[in-house]
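Reader: Hello! I am new to this structure and would love a close look at a single part of it. Could you pick one place where two helices meet and walk me through what surrounds them?

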Amino acid sequence: MISETIICSKADWLKWSIDNKKALEGIVAVYGEMGAGKTTAIKQWLRSINSQDVGSSPTFSLVNEYDSPGGSIFHFDFYRISSLEEAQDIGLEDYFDSGRPCWIEWPDKISELLPKNTNCLNIVAQSNNSRKVTLETYEK
């Protein structure tokens, strides 16, 4: 299923996150140009599930682990990787097999490693500072 939404504020992100909670519980590939709002979205996703963690970009560590009332959440940023082997070396498959939410920034760098039923989110900045958000979900 594909849905499109215009996001104008952090409050909109929070509402969107609550409305799309089921999709966020799986593996989510988050596409968007630099500055599109990928990390901002993830911060609101954490709020929507009552996590006490604020969230930050794991650009240098590749993965951040957040706590939530439902368990761990993994947030990846593959902007700086130079090979698929680098992603595999951190045990990416184990994270995907954990059954825990995995949110991935710059998934195009590891597209060959993404599971078939990965939910895809595309964020596009608009001229009025809003974001066009397209979510494509797959049945499990």
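**Two helices and the sheet they touch**

Author: Gladly! Helix α1 (residues 10–19) and helix α3 (residues 38–48) pack at an angle of about 55°, and their axes are 8 Å apart. Please keep in mind that this is a predicted model. At that angle, α1 and α3 are oblique to each other, since angles under 35 degrees would count as roughly parallel and 65 to 115 as roughly perpendicular. Their crossing is right-handed.

Now for the residues that meet there. From α1 come K10, W13, L14, W16, S17 and I18, while α3 brings T40, A41, Q44, W45, R47 and S48. Sorted by class, this contact has 6 nonpolar, 4 polar and 2 charged residues.

Let us pause at S48, which has its place in helix α3. Leaving aside neighbours within four places in sequence, S48 is in contact with L14, S17 and I18. S48 counts as buried because its relative accessibility is 13%, and buried means under 20%.

For a contrasting spot, look at G35, in the loop between β2 (27–31) and α3. G35 has a relative accessibility of 57%, so this residue counts as exposed, the cut-off being over 50%. G35 and D19 are 16 residues apart along the chain, and their C-alpha atoms are separated by 24 Å.

Next comes the sheet. It is open, has 7 strands with mixed pairing, and follows the order β1-β7-β6-β2-β5-β4-β3. β1 (2–7) and β3 stand at the edges with a single partner strand each, so one side of each has no neighbour in the sheet. On average, neighbouring strands of this sheet are turned by 20° against each other, direction ignored.

Two pairings show the mixture. β2 and strand β6 (residues 119–125) pair in the parallel sense over 4 bridges, and V30 has L121 in β6 as its bridge partner. Strand β3 (residues 63–66) and strand β4 (residues 73–77), by contrast, run antiparallel and are joined by 4 bridges. Here V63 stands opposite F76 in β4. β3 and β4 form a hairpin with 6 residues between them, and G71 in the turn has a positive phi of about 125°.

Finally, back to our two helices. α1 packs on the sheet, where it touches β1, β6 and β7 (131–136), and its direction makes about 155° with that of β1. α3 lies across β2, β3, β4, β5 (102–105) and β6, running at about 165° to β5.

Key
Residues are numbered from 1 along each chain as its sequence is written. This is a predicted model: local features need pLDDT of at least 70, side-chain atom pairs count only at pLDDT 80 or more; totals for chains, interfaces and linings use all residues. Side-chain values use heavy atoms; hydrogens and water are left out. Axes are lines fitted to C-alpha atoms, for helices over the stretch in contact, and angles run from 0 to 180 degrees between N-to-C directions. Angles under 35 degrees count as roughly parallel, over 145 as roughly antiparallel, 65 to 115 as roughly perpendicular and the rest as oblique. A crossing is left-handed if the near helix is turned anticlockwise from the far one by less than a right angle, and right-handed if clockwise. Contact means heavy atoms within 4.5 Å. Ala, Val, Leu, Ile, Met, Phe, Trp, Tyr, Cys and Pro count as nonpolar, Asp, Glu, Lys and Arg as charged, and the others, Gly among them, as polar. Buried means under 20% relative accessible area, exposed over 50%, partly exposed in between (1.4 Å probe, protein chains only). Two strands pair if DSSP finds at least two bridges between them.
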